[in-house]
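Reader: Hey, I've just opened this one and I'm new to it. Can you walk me through it?

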Amino acid sequence: MNFKPAVGETGGLPGEEIAVSSPGGRLYIWNLDKSNVRNFPKDLKGYAVTSPLLINLDGDKEDFNEVVVVSKKD
Ligand SMILES: [Ca+2]
Ligand SMILES: [Ca+2]
């Protein structure tokens, strides 16, 4: 499976963040300076089956995106 990075504003530091899911079951989000976003990477409790999607699910006025990724456990 080919995992693609997602780029978007998730809050935190100024500038966009980069989100990547790994088949090993981790979700990474990096700031533009390559540091980890606070509380990441996260263990997905399974293996990722999709690339991350950045979308403003809660419609906050800052337009910060939430991160959606699907993982699966055998
Ligand atoms: Ca940011
Ligand atoms: Ca939001």
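Reader: So along S2, which side chains are buried and which are not?
Author: In this predicted model, Glu-17, Ala-19 and Ser-21 point to one face and are buried, while Ile-18 and Val-20 point to the other and are not. Buried means 20 or more other C-beta atoms within 10 Å of the residue's own, with C-beta atoms placed from the backbone. Strands are DSSP runs of E, at least two residues long, numbered from the N terminus.

Reader: Why the alternation?
Author: In a regular strand the side chains alternate between the two faces of the sheet.

Reader: What order do the strands take in the sheet?
Author: It's an open sheet of four strands, S1-S2-S3-S4, with antiparallel pairing. S1 (6-8) and S4 are at the edges with a single partner strand each, so one side of each has no neighbour in the sheet. Pairing here takes at least two bridges found by DSSP between the strands.

Reader: How many bridges join S1 to S2?
Author: Three. Gly-8, for one, has Glu-17 in S2 as its bridge partner.

Reader: And S2 with S3?
Author: S2 (residues 17-21) and S3 (residues 26-30) pair over four bridges, and Ile-18 sits opposite Trp-30. Their hairpin has four residues between the strands, and Gly-25 there takes a positive phi near 95°.

Reader: What about S4?
Author: S4 (residues 42-43) pairs with S3 over two bridges. Arg-26 is partnered with Asp-43, and Leu-27 stands opposite Lys-42.

Reader: New topic: which residues make up the largest nonpolar core?
Author: Ala-6, Ala-19, Ile-29, Leu-54 and Val-67, five residues in all. A core is a set of buried Ala, Val, Leu, Ile, Met, Phe, Trp, Tyr and Cys residues joined through C-beta atoms within 7 Å.

Reader: What does Leu-54 touch?
Author: Leaving out residues up to four places away in sequence, Leu-54 touches Ala-6, Gly-8, Thr-10, Ala-19, Asn-65 and Val-67. Contact means C-beta atoms, placed from the backbone, within 7 Å.

Reader: Any small print?
Author: Residues are numbered from 1 along each chain as its sequence is written, and chains are lettered from A and ligands numbered from 1 in the order written. As the model is predicted, local features need pLDDT of at least 70 and side-chain atom pairs count only at pLDDT 80 or more, while totals for chains, interfaces and linings use all residues.

Methods
Buried ≥ 20, exposed ≤ 12 C-beta atoms within 10 Å, placed from the backbone. Contact = placed C-beta atoms within 7 Å.
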